[in-house]
Amino acid sequence: MSTILLRNSALLVTMDDLRQEIPGGGLFIRDGFIEQVGLTKELPDSADEILDMTGHVILPGLINTHHHFYQTLTRVVPAAQNVYLFQWLKTLYPIWARLTPEDIQISTQTALAELALSGCTTASDHLYIFPNGISLDDEIHAAGEIGLRLHASRGSMSLGASNGGLPPDQVVEDETFILKDSQRLIEQYHDPNPGSMIQIVLAPCSPFSVTPGLMRSSAALAREYGVHLHTHLAETQDEENYCLEKSGRRPVELMEALTWLGNDVWFAHSVHVNLDEIKLYTKTGTGVAHCPTSNMRLASGIAPFVDMIQAGVKVGLGVDGSASNDGSSLLEETRQAMLLARVRAGLLGASKSGNGSPSLMTARQALEIATRGGAAVLGRSDLGSLEKGKCGDLFAVNLDRLEYAGGLHDPVSALVFCAPVTVDYNIVGGKLIVKEGHLVSLDLPDLVERHNRAAWRLVNGED
Ligand SMILES: [Zn+2]
């Protein structure tokens, strides 16, 4: 039995169904789950650990729904800086072909450290390239040392260039092995229970890097075990053209034909979707990981994610990357989502003739996508808000800082409107991941040094 008590916050944002915000609030967590949320005076006065949150705002932990941790090793690669997705991928595939198990371990910890410091408590990752003896186990073990919840995707590529795919043949895998390894990982690691720290997801990479057969087999295997499915979809115009050319279908149509729509599926991006396709997402319960920074970085377009939310589609946020972001700050991504929604609203308003402009996304709406939205996308009813019975996952920020000076008229909105900060506390299942602004379980300078060394070797092909 272990208990932790947080008291005296400046403001506690519950994100519960009533969207209650409690000035002077706190909460009491027992064995990883929230037992009580409310005014400090109503909470127990003793616990194994007591944190005084005076001057801090407390929010539910942010949930990241799309990422490629290994790409932290290939940020800002010069030849991949100023190109669209397909050329970006073709530039990076041969570099990624040199990845080693140790690279996966180091990059996983780097990405999770950044995520944790930006308020993220649950991260989904999509690893789809497995050269040189790499397995998803390398990532899972490295993540276990940090303590964030992980939805680890067993990604895959099976359609090499010689068969009409985009990736070079040297980085694709045998389909029989992909499915066998997927099954092994589910049986070895997947925990579907409330409070789960690790879940396995099956995630063929994209329509242009796997066969339709692998998509169907992966869906069948995932449904046999009750695990979720994830892939990139409708990210760019090039992808749409590819699907139309190869299959005569638009990307979403293709997914429907491959049994890839449903409550257990979420797609990264969905930039190029029309209103009928959005309706299909709503009808089938299919979710979306919106990745605004990556979409801007690669000039992919602006996803109609406000339309999706209004249509009842489950939408979460993803930092994506890290070679297309090139960072892992989920608080920053929340800000980007709000700002990009406003760019789109402005464009739509300008195209109307005198009928008024669409309303602007608020900071609280953006935070809702990053918390409740992400939980819905990952199928986690135990996450996303601070209320009795949910996981004790939260972050807290000290409001007394340069970035928020003059912005405390509305501290919750300041988190999104003002420059993104690193958080002062990050707690997952009642355990401290970040305390007083520092990661509890990591020697950061040592990690950065090892990471830079690994990145140099990977990109330049030498030590
Ligand atoms: Zn991606």
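Strand β1 (residues 3-7) is joined to β4 by four bridges, and the two strands run antiparallel. Within this pairing, Thr 3 stands opposite Arg 30 in β4. The description that follows refers to a predicted model.

**The four-stranded sheet**

Strands β1 and β4 belong to an open sheet of four strands, ordered β5-β4-β1-β6, in which the pairing is mixed. Its edges are formed by β5 (33-39) and β6 (49-52), each of which pairs on one side only. From one strand to the next, the twist averages 10°.

On its other side, β4 (residues 25-30) pairs with β5 in the antiparallel sense, over six bridges. Arg 30 has Phe 33 as its bridge partner in β5. The two strands form a hairpin with two residues between them, and Asp 31 in the turn has a positive phi of about 50°. Arg 30 is thus found in both pairings, with Thr 3 opposite and with Phe 33 as the bridge partner in β5. Strand β4 is largely enclosed by the rest of the structure, because five of its six residues are buried.

**The seven-stranded sheet**

A further open sheet contains seven strands in the order β3-β2-β7-β16-β17-β18-β19, again with mixed pairing. Here the edge strands are β3 (21-23) and β19 (438-439), and each pairs on one side only. Within this sheet, β17 (residues 425-428) and β18 (residues 431-435) are paired in the antiparallel sense by three bridges. Val 428 has Lys 431 in β18 as its bridge partner.

**Strand β9 and its neighbours**

Strand β9 (residues 120-127) is mostly covered, with eight of its eight residues buried. Three bridges connect it to β8, and these strands run parallel; Leu 62 has Cys 120 in β9 as its bridge partner. Strand β9 is also joined to β10 (residues 149-156) by six bridges, likewise in a parallel arrangement. In that pairing, Ala 123 stands opposite Leu 150 in β10.

The strand pairings described above are collected here.

| Strand pair | Sense | Bridges |
|---|---|---|
| β1 and β4 | antiparallel | four |
| β4 and β5 | antiparallel | six |
| β17 and β18 | antiparallel | three |
| β8 and β9 | parallel | three |
| β9 and β10 | parallel | six |

**The zinc site**

The zinc ion is coordinated by the NE2 atoms of His 66, His 68 and His 232 and by an OD atom of Asp 320, at 2.1 to 2.6 Å. The arrangement is irregular because the four donor atoms subtend angles of 88 to 176° around the ion. For reference, the ideal angle at a metal with four tetrahedral donors is 109.5 degrees. Tetrahedral geometry would require all angles to lie between 85 and 135 degrees, and the upper value of 176° does not meet that requirement.

Along the sequence, the donor residues follow the spacing H-x1-H-x163-H-x87-D. His 66 and His 232 link distant parts of the chain, being 166 residues apart: His 66 is in the loop between β8 (62-64) and α1 (85-96), whereas His 232 is in strand β12 (residues 228-233). Both His 66 and His 232 are buried.

**Helix α4 and the loop after it**

Asp 181 is located in helix α4 (residues 175-189). With a relative accessibility of 7%, Asp 181 counts as buried. Its side chain makes a polar contact of 3.1 Å with the side chain of Arg 154, and Arg 154 falls within the residue range of β10 (residues 149-156).

His 190 is found in the loop between α4 and β11 (198-204). This residue also counts as buried, at 16% relative accessibility. The C-alpha atoms of His 190 and Tyr 225 are separated by 9.4 Å, while the two residues are 35 residues apart along the chain.

**Helix α11**

Helix α11 (residues 330-351) has 22 residues, so at 1.5 Å a residue it should span 32 Å; the C-alpha atoms at its ends are 31 Å apart, which agrees. At the N-terminal end, Ser 329 acts as a cap, with a side-chain oxygen 3.0 Å from the backbone nitrogen of Glu 332. The buried residues of α11 include Leu 330, Leu 331, Glu 333, Thr 334, Gln 336 and Ala 337. Also buried in this helix are Met 338, Leu 340, Ala 341, Ala 345 and Gly 349.

Definitions and conventions. Residues are numbered from 1 along each chain as its sequence is written. This is a predicted model: local features need pLDDT of at least 70, side-chain atom pairs count only at pLDDT 80 or more; totals for chains, interfaces and linings use all residues. Side-chain values use heavy atoms; hydrogens and water are left out. Donors are N, O and S atoms within 2.8 Å of the metal (3.2 Å for Na, K and Ca); water is not among the atoms, so sites may look incomplete. Four donors count as tetrahedral if all angles lie between 85 and 135 degrees; four count as square planar and six as octahedral if opposite donors are over 155 degrees apart and all others between 65 and 115; anything else is irregular. Buried means under 20% relative accessible area, exposed over 50%, partly exposed in between (1.4 Å probe, protein chains only). The expected span of a helix is 1.5 Å times one less than its number of residues. A polar contact is a pair of N or O atoms within 3.5 Å; within protein, one must be able to donate a hydrogen and the other to accept it, and residues adjacent in sequence count only if both atoms are side-chain atoms. Two strands pair if DSSP finds at least two bridges between them. Axes are lines fitted to C-alpha atoms, for helices over the stretch in contact, and angles run from 0 to 180 degrees between N-to-C directions.
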